[in-house]
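This report walks through the fold of one protein chain, from its overall build to its sheets, one buried residue and its cysteines. The sequence and the structure come first, and the text follows them.

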Amino acid sequence: MKNFNCWLIIILWSGLTQAVALAQPGFKNPVIRGFNPDPSICRVGDDFYLVTSSFEYFPGLPIYHSRDLVHWEQIGHCLTRDEQLPLQNAPASGGLFAPSIRYHDGLFYVVCTNVSGGGNFYCTAKDPTGPWSDPIWVDIKSIDPDIFWDDDGKTYFVTQGDQGIRVTEIDIRTGKVIGPESLVWGGIGGRFPEAPHIYKKDGFYYLLLGEGGTEYMHSATIGRSKHVLGPYESCPLNPILTHANRIGQGNTIQGVGHADFVQAADGSWWAVFLGFRVTQQYAYYHVLGRETFLAPVDWPTGGWPQVNGNGTVDLQMNIPTLPQQPFLEPPARTDFDEEHLGVEWQYLRNPIRENYSLSERKGMWRMSPSMFTLDDVGAVSLIARRQTEHDFLAETALELESTDVHAEAGMTLLQNNTHHYDLFVKRHGTGFVVQLRVKVGSLSYIAGEKEIGKGQVVLKIVGNSRQYTFFAKESAEKAYVQIGTLDTRYLSTEVAGGFTGVMIGLYTSAAGEQVDAKAYVDWFEYQPLS
């Protein structure tokens with residue numbers, strides 16, 4: 001009997017141990033999924049706020065909120081007005097580069113560079129949901145700006161220069177430069193020392209950089225000094241974050257770097273940083289763009305910070321976290337019955353506003369074609385949201401009203417204006433036809449088509465890491481017909497270039513012609529399938 005009881009205790013203890021192991025706190029990376037690069041973070045009380053780059057998309061600079069660093073909700077954009085963000089001539093991967101978000105004396109600051117018009121600037125707001133001020137321009141020719149306030153009341157602009165990181169005193173009321181530009185540190189020798197952030201801790205100024213280029217050799221490095229203008233000594237652990245080494249070479253996450261630190265209310269330190277998930281089938285291709293990742297930082301008093309112990313991270317992080325405070329999941333379906341589009345939607349460059357309406361037909365999103373197509377650098381009539389997972393389903397119901405053969409409307413998987421896949425409906429004889437078009441560099445061709453009648457058509461795209469499959473049907477009651485299957489790799493950054501990720505768009509165009517056409521979108525649904 002005693003032996004039985006012993007074995008029972010062992011079995012129960014083993015089961016309890018396994019249950020505790022399964023219930024260990026942790027989180028999944030990335031914490032903000034899909035095209036959300038160059039994250040910067042600040043804390044106010046128990047709330048965290050984060051901003052990422054948006055390049056040629058409008059509105060610009062999405063802002064996210066969290067209470068636990070793991071669960072994030074988008075609360076708006078920093079730049080929502082045309083006068084704040086001129087993007088009319090922004091090429092693919094132009095526009096807004098590498099923002100920073102900071103909080104000082106009751107104001108939020110977002111600092112950024114519009115490389116396509118204006119240069120460096122910052123905006124302020126009392127509430128991170130907005131409204132944000134018009135840009136205050138700073139006449140420093142560089143990118144990746146940050147603001148640092150020293151204990152003596154001076155304000156410094158910290159930027160990427162030609163040879164390294166420059167620190168310049170400015171007047172925070174006007175943005176006027178009031179001191180010389182000082183080259184303070186060039187990093188550890190990696191190319192493109194960039195993404196600078198300064199922190200003051202334990203009597204030292206710590207300068208965090210990204211190095212190696214925002215690709216597979218990317219990393220984060222850090223130096224410190226007793227003076228804000230240096231000289232800075234390099235951390236003996238550098239790089240403190242990278243997968244460009246033997247430990248990280250087989251990781252699904254690659255290109256980690258461009259980090260920012262934040263201290264939680266409990267005293268713990270954390271890093272947010274960019275990285276990208278490579279596809280399972282093609283080890284050196286990524287289509288989702290650079291995403292936002294999270295890792296703990298051990299930063300002892302007077303010592304150097306270490307990111308997650310050995311400077312690498314995983315998709316599943318089995319570590320203690322702050323108390324979890326998740327938000328409600330946003331709905332998968334958009335029915336276009338609100339006054340405004342949801343914050344997940346963006347235009348490509350500044351929109352031509354008369355080409356859109358949410359009120360012309362109740363519960364419908366109306367688009368009219370501009371003179372631009374998806375192949376152009378211009379304000380094509382399009383709204384788009386991020387592809388956040390390799391495995392997903394995107395579906396929409398729309399109707400094209402036009403007698404002109406040039407008009408088309410549908411869904412697109414858009415990496416940039418030279419690389420996209422389009423599933424669309426257009427006029428064909430007395431009816432319509434659904435076509436699947438491939439645009440890859442100088443190649444453009446129709447990969448599949450199906451004739452349909454008049455009225456609403458339902459389009460569907462199903463994706464995984466290897467391929468996108470495209471479907472259409474004439475009404476909700478009918479069965480889908482497969483139009484074609486295309487390889488994901490031709491929409492990857494490695495093939496298409498640039499700094500963005502695939503966006504799933506609803507669009508209409510007319511081959512550059514001035515035509516009378518309208519597309520009415522009834523609903524759109526996006527579901528991650530992983």
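In this predicted model, 57% of the contacts in the protein chain between residues at least 6 apart in sequence join residues that are at least 24 apart. The protein chain holds 2 helices and 39 strands, and 58% of its 530 residues count as buried. The C-alpha trace spans about 85 × 75 × 40 Å along its principal axes. The radius of gyration is 25 Å, which agrees with the value near 24 Å that a compact globule of 530 residues would have. About 21,900 Å² of the protein chain is exposed, and carbon and sulfur atoms supply 52% of that area.

**Strand β39 and its partners**

Strand β39, which covers residues 518-528, pairs in the antiparallel sense with strand β25 (residues 333-334) over 2 bridges. Strand β28 (residues 365-367) also pairs with β39 in the antiparallel sense, over 3 bridges, and strand β30 (residues 392-401) is joined to β39 by 10 bridges, again running antiparallel. The table lists residues that stand opposite each other in these pairings.

| Residue | Partner in β39 | Bridges between the strands |
|---|---|---|
| T334 (β25) | F524 | 2 |
| W365 (β28) | V521 | 3 |
| E395 (β30) | E525 | 10 |
| E399 (β30) | Y520 | 10 |

Strand β30 has a further antiparallel partner, strand β35 (residues 457-463), to which 7 bridges join it; in this pairing L393 has V462 of β35 as its bridge partner. Because 8 of the 10 residues of β30 are buried, this strand is largely enclosed by the rest of the structure. As a general point, the side chains of a regular strand alternate between the two faces of the sheet.

**Two open sheets**

One open sheet consists of 8 strands in the order β4-β26-β29-β38-β31-β32-β33-β34, with antiparallel pairing. Its edges are formed by β4 (57-58) and β34 (443-452), each of which has a single partner strand, so one side of each is left without a neighbour in the sheet. Within this sheet, strand β29 (residues 381-386) and strand β38 (residues 503-509) run antiparallel and are joined by 6 bridges, and R385 stands opposite I504 in β38.

Another open sheet has 4 strands in the order β20-β21-β22-β23, likewise with antiparallel pairing. Here β20 (253-263) and β23 (306-307) stand at the edges, and because each has a single partner strand, one side of each lacks a neighbour in the sheet. Strand β20 is joined to strand β21 (residues 269-277) by 7 bridges, the two running antiparallel, and G257 is placed opposite L274 of β21.

**The surroundings of Q346**

Q346 lies in strand β26 (residues 346-348), a strand that belongs to the sheet of 8 strands, in which β4 and β29 come on either side of β26 in the order. Is Q346 buried or exposed? Its relative accessible area is 0%, so Q346 counts as buried. The side chain of Q346 nevertheless has polar partners: it reaches the backbone oxygen of P59 at 2.7 Å, and a polar contact of 3.2 Å joins it to the side chain of R386. Leaving aside residues up to four places away in sequence, Q346 touches S54, Y57, F58, P59, H77, L382, I383, A384, R386 and M503.

**The cysteines**

How many disulfides does the structure hold? The number is 0. For C42, the closest cysteine sulfur is that of C78, and because the distance is 12 Å, the two are too far apart for a bond. C78 is likewise in no disulfide, and the cysteine sulfur nearest to it, that of C123, is 4.4 Å away; because a disulfide here requires two cysteine sulfur atoms within 2.5 Å, a pair at that distance is not counted. Both C42 and C78 are covered by the rest of the protein to the extent that they count as buried, with a relative accessible area of 6% for C42 and a relative accessibility of 1% for C78.

Terms used
Residues numbered from 1 in each chain as written. Predicted model: local features only at pLDDT ≥ 70, side-chain atom pairs only at ≥ 80, totals over all residues. Heavy atoms only, no water. Buried < 20%, exposed > 50% of the residue type's maximum accessible area, 1.4 Å probe, protein only. Pairing = 2+ DSSP bridges. Rg over C-alpha atoms; globule rule 2.2 N^0.38 Å. Contact = heavy atoms within 4.5 Å. Areas by Shrake-Rupley, 256 points an atom, 1.4 Å probe, with all protein chains shown as cover. Polar contact = N/O pair within 3.5 Å; in protein donor to acceptor, adjacent residues only side chain to side chain.
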